[in-house]
Amino acid sequence: MKNRWTNSPYTYALGMLAMMIPVQAFSSFYSYYYIDKLGLGVGLATLARTIYLIWDALNDPILGYLSDGTRTRWGRRKPWIVAAIPLFVLAFIMVFSVPEGMEGTRLFTWFLIALIIYESVAAILWVNYGALFPELFRGDRLRAKASAIQQGYQIVALLIGTALTPILFAAFGFSNMALLYAAAFAILMSLCMMTVRENEEARKEAPLKFMEAFKETFKNKAFWIFNLANSFAQTVNGLLSSAIPFYAKYALHIPEEQVSILLASIFVSIIPLVAVWYVVIRKLGGVKGWRCALAVYAVSVVPLWFAQGLGGGIAAGIVVGFGMSGFLVTPAVLNGQIVDRDYEKTGRRREGIYNAVGGFITRSSGLLSAVAFWSVGLLFGYVSGHEPGPNAEAAFRYLISVVPFALLVIAFLISLLLKFRNTDGLPTE
């Protein structure tokens, strides 16, 4: 029996809150944990990410195809998500529970295995959770509203995963921090799944054959332009999250306990700005709103180069929050439009494979981020927390400002190639 919470944007967004708390803690602090705290070399960390990305290239599209082809009385996506919940809990705890005294090759092996397990289970969750969005919410206006609510939850998660995490691992250790976040994930994601009801009509459509499904996806020009631009912008999200603890230590010269304040300045400022970008999308449409967000994001990272001390870092962080908020809200609306156009052409709802292939493209940003980290470290002599080199301050100023600006300019230029009409018939150009 359907009630007001069934397929509500507010309850669906609980899934975003559930996943983004541990995911943000991972992306913000795994480098700091393994490289600065445990002494794993930047080169080995980059190698592990590269090996994983090769595996990701194989399993992500297959996961999407399997999701689209799943037929159960509970739906296509829900069974995958429910099955992945306990696996994700175990994988996340494993990442931050390295046995004491582990170093060198053993530490690298632990990190690689934990990374592959964690990221593989996370891929199952993201592919299926993301595939629900275009199916549950139809039309640009409803999607803009649902996206704004979802990103509001995401920003709360970002704030928890970044600002609260240093407090927790300082007080209780990394392993206990991971245990707490894993429990929160399990509860929130279970609540989300209890309120989701998938469209029964979508399950009646015969799925495309394996090669035909990939052929239709790969020749979609708008899909490639959208995700390629997003991969560069997503790299910036990862760089900012992972570099801020280093930036605070080596560039701003503030103590570790003040990192939470710096991170909070970014993510608290995002919360009210989500509403601003919701209005922008309604006025400009999906494509122009997305393009505008990329341009604003590029400009917003510039003040990070000039910041000095905690006060300067907070001021620069607030500016970054304005740019980041636009990029968090706008892609979901545009992605829904791309999936709708594919449905008009193929007669099948194929959110799974689109989210999987698109997810792989954007998750390649993890490798771009790792390579940028390694390259800047090599240029300035930073190896690890045990060997910071002669000019760690310059390294992390470049990493948090110059590199993100360049990546976002590339993303904006790519976005200029994307042109089509909105689902309500209004031109985007």
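User: In which loop is H253 found?

Analyst: In this predicted model, H253 has a positive phi of about 55° although it is not a glycine. With a relative accessibility of 52%, H253 counts as exposed, because the cut-off for that class is over 50%. As for its place in the chain, H253 is found in the loop between α9 and α10 (259-284).

User: How many helices and how many strands are there in the protein?

Analyst: The protein has 429 residues, and buried residues make up 59% of them. Its accessible surface comes to about 16900 Å², with 69% of that area belonging to carbon and sulfur atoms. In secondary structure, the count for the protein is 16 helices and zero strands.

User: Over which residues does pLDDT stay under 50?

Analyst: The protein averages a pLDDT of 80, and 84% of the residues score at least 70. Where pLDDT is low, the predicted coordinates should not be read in detail. That caution applies to a stretch for which the model has 24 contacts beyond four places in sequence, and where pLDDT stays under 50, namely residues 422-429.

User: Among contacts between residues at least 6 apart in sequence, what percentage join residues at least 24 apart?

Analyst: One example of a pair distant along the chain is Q337 and R143, which are 194 residues apart, while their C-alpha atoms are separated by 9.6 Å. Q337 itself is found in helix α13 (residues 309-346), and at 0% relative accessibility it counts as buried. For the protein as a whole, among contacts between residues at least 6 apart in sequence, the share that join residues at least 24 apart is 84%.

User: Why are F26 and Y30 separated by about one helical turn?

Analyst: A search of the whole structure finds 26 aromatic pairs. One of them is formed by F26 and Y30, which are stacked at 4.7 Å centre to centre with 10° between the planes. F26 is buried at 4% relative accessibility, and Y30 is buried as well, with a relative accessible area of 11%. The separation of about one helical turn arises because F26 and Y30 are four residues apart in helix α1 (residues 9-37).

User: How many residues apart in sequence are the parts that the pair of Y250 and Y382 ties together?

Analyst: Y250 and Y382 form an edge-to-face aromatic pair, with 5.8 Å centre to centre and 70° between the planes. Y250 lies in helix α9 (residues 221-250), whereas Y382 lies in the loop between α15 (365-380) and α16 (392-415), so the parts that this pair ties together are apart in sequence by 132 residues.

User: Which helix gives the largest share of the largest nonpolar core?

Analyst: The largest nonpolar core has 134 residues, and those with the most contacts inside it are F88, F92, F96, F185, M189, Y382 and F396. The largest share of this core amounts to 17 residues, and the helix that gives it is α1.

User: Which residues does F396 touch, not counting residues up to four places away in sequence?

Analyst: F396 is one of the residues with the most contacts inside the largest nonpolar core. Among its partners are Y250 and Y382, both of which are buried. Not counting residues up to four places away in sequence, F396 touches F246, Y247, Y250, F373 and Y382.

User: With which residues is Q154 in contact, leaving aside its neighbours within four places in sequence?

Analyst: Q154 lies in helix α5 (residues 140-172). At 9% relative accessibility Q154 counts as buried, because the cut-off for that class is under 20%. Leaving aside its neighbours within four places in sequence, Q154 is in contact with M16, M20 and L328.

User: What distance separates the C-alpha atoms of W80 and I124?

Analyst: W80 has its place in helix α3 (residues 78-95), and at 24% relative accessibility it counts as partly exposed. Not counting residues up to four places away in sequence, W80 touches L63, L66, S67, T70, I124 and N128. W80 and I124 are 44 residues apart along the chain, and the distance that separates their C-alpha atoms is 6.9 Å.

User: How many disulfides does the structure hold?

Analyst: C192 counts as buried at 0% relative accessibility, whereas C292 counts as partly exposed at 29%. A disulfide is a covalent bond between the sulfur atoms of two cysteines. The number of disulfides that the structure holds is zero.

Note on methods
Residues numbered from 1 in each chain as written. Predicted model: local features only at pLDDT ≥ 70, side-chain atom pairs only at ≥ 80, totals over all residues. Heavy atoms only, no water. pLDDT = per-residue confidence, 0-100. Contact = heavy atoms within 4.5 Å. Helix = DSSP H or I, 4+ residues; strand = E, 2+ residues; numbered from the N terminus. Buried < 20%, exposed > 50% of the residue type's maximum accessible area, 1.4 Å probe, protein only. Areas by Shrake-Rupley, 256 points an atom, 1.4 Å probe, with all protein chains shown as cover. Disulfide = S-S within 2.5 Å. Phe/Tyr/Trp six-rings, centres within 6.5 Å; stacked < 30°, edge-to-face > 60°. Core = buried A, V, L, I, M, F, W, Y, C linked by side-chain atoms within 4.5 Å.
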